[in-house]
Amino acid sequence: MKVAQKVAIVTGGGGGIGGAIAEGLAAQGAKVMVADIDANAAAAVAAGINARHPGSALAEGADVANSDHIRHIIERAEAEFGPVALYFANAGVGGALGLEASDADWDHVLDVNLRAHIRAAQQLVPKWIERGEGYFVATASAAGLLTQIGSATYSVTKHAAVGFAEWLSVTYGDQGVGVSCLCPMGVDTAMLYAGRDSGDPRGVAATQAVTSAGEVLQPAQVADVVLDAVDRETFLILPHESVLAMYQQKGADYDRWIRGMRRYQGALLGHV
């Protein structure tokens with residue numbers, strides 16, 4: 001998938017990984033709709049892109065878990081730029097900690113981290129099949145391959161995001177629909193430090209688990225890896241190569257891996 005002259009939508013585009021992907025797309029000649037729940041953040045990112053690449057970006061404040069909002073951003077992008085060829089389902093939330101997460105907490109995280117992907121695919125994939133081309137990039141997490149200490153809502157929904165991306169690729173990959181699934185570990189964004197800043201020992205441990213497991217990358221570094229993977233049409237995008245080894249170890253001996261994670265969690269909580 002060559003992104004030059006293509007139209008892309010990036011959700012969660014008001015900063016972090018999404019903002020960096022939007023910038024990278026424009027730098028490669030794409031037209032980009034920057035969508036974010038924070039309309040001002042989306043507008044700021046789009047303004048920065050247009051200053052460097054005039055006429056390359058639009059901005060929209062939108063709840064990208066809402067089917068009507070998704071429809072609106074697609075329609076606006078297509079009206080002003082042309083058919084949407086790439087959709088980066090990047091928006092995400094961390095969620096509450098522990099079993100005390102309420103039904104409302106679960107619904108919110110499921111909506112943003114999973115159902116937003118499903119609802120976008122429902123609207124875009126039929127059009128892509130008709131055109132014979134389209135590309136869906138799901139931002140999950142290394143937590144979707146491994147797990148997340150502290151937050152069941154985050155871990156479970158990221159596992160589900162990986163599963164949906166797999167299904168999408170298996171089901172439609174031979175009909176012109178490309179799919180990639182991004183599973184980074186530590187990236188220098190506000191979400192990474194939300195657990196530490198919560199003051200809850202489990203949240204602090206969750207942040208430490210990620211920051212101590214490998215290099216914390218900058219969003220621009222991750223965006224470069226993502227766009228290279230889209231160019232090569234690689235399904236699993238791992239900006240941290242060590243995640244693959246961890247995933248292989250997990251699959252090789254699941255019980256040993258779980259015992260190790262229990263010990264690791266205990267050690268982290270003991271230092272909080």
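## A tour of salt bridges, helices and surface spots

Start by selecting Glu 60, Arg 76 and Glu 80, which are linked in a network of salt bridges. The model on your screen is a predicted one, so treat this as a walk through computed geometry.

Stay with that network and zoom in on one of its pairs. The side chains of Arg 76 and Glu 80 meet at 3.0 Å, N to O. Now colour helix α3, residues 67–80: both partners belong to this helix, and because they are four residues apart, about one helical turn separates them. In general, an α-helix has 3.6 residues a turn, so residues three or four places apart point the same way. Switch on the surface, and you will find both partners partly exposed: Glu 80 has a relative accessibility of 47%, while Arg 76 has 25%.

Next, select helix α4, residues 103–131, and show the side chains of Asp 111 and Arg 115. Here is another salt bridge, again with an N to O distance of 3.0 Å. Asp 111 and Arg 115 are four residues apart in α4, which puts about one helical turn between them. Arg 115 counts as partly exposed at 29% relative accessibility, and Asp 111 is also partly exposed, at 22%.

How many salt bridges does the structure hold? There are 11. For one that reaches across the sequence, select Lys 2 and Asp 231, whose side chains meet at 2.6 Å, N to O. Lys 2 sits in the segment before β1 (7–11) and Asp 231 in helix α8 (residues 219–232), so this pair ties together parts that are 229 residues apart in sequence. Lys 2 is exposed, with a relative accessible area of 53%, whereas Asp 231 is partly exposed at 33%.

While you are in the segment before β1, click on Gln 5, which lies there too. Its phi is positive, about 70°, although Gln 5 is not a glycine. At 69% relative accessibility, Gln 5 is exposed. A second stop for backbone angles is Glu 233, in the loop between α8 and β7 (236–237). Glu 233 has a phi near 55°, another positive value in a residue other than glycine.

Now for the interior. Select helix α1, residues 16–27: is it largely enclosed or largely open? Nine of its 12 residues are buried, so the rest of the structure largely encloses α1. To see them, pick Ile 17, Gly 18, Gly 19, Ala 20, Ile 21, Ala 22, Gly 24, Leu 25 and Ala 26. If you put a distance marker from the first C-alpha of α1 to the last, the span is 17 Å, close to the 16 Å expected at 1.5 Å a residue.

For a longer distance marker, join the C-alpha atoms of Gly 15 and Val 170: they are 155 residues apart along the chain and separated by 31 Å. Val 170 belongs to helix α5, residues 152–172, and is exposed at 72% relative accessibility.

Finish on the surface by selecting Arg 256, Arg 259, Arg 262 and Arg 263, which form a positive patch. Click on Arg 263 to place it in helix α10, residues 254–271. Its relative accessible area is 58%, so Arg 263 is exposed.

Notes
Residues numbered from 1 in each chain as written. Predicted model: local features only at pLDDT ≥ 70, side-chain atom pairs only at ≥ 80, totals over all residues. Heavy atoms only, no water. Patch = residues over 30% accessible without salt bridge, like charges linked within 9 Å, V, L, I, M, F, W, Y side chains within 5 Å. Areas by Shrake-Rupley, 256 points an atom, 1.4 Å probe, with all protein chains shown as cover. Salt bridge = Lys/Arg side-chain N within 4 Å of Asp/Glu carboxyl O. Lys, Arg positive; Asp, Glu negative; His and termini not counted. Charge placed at Lys NZ, Arg CZ, Asp CG, Glu CD. Helix = DSSP H or I, 4+ residues; strand = E, 2+ residues; numbered from the N terminus. Buried < 20%, exposed > 50% of the residue type's maximum accessible area, 1.4 Å probe, protein only. Expected span 1.5 Å × (residues − 1).
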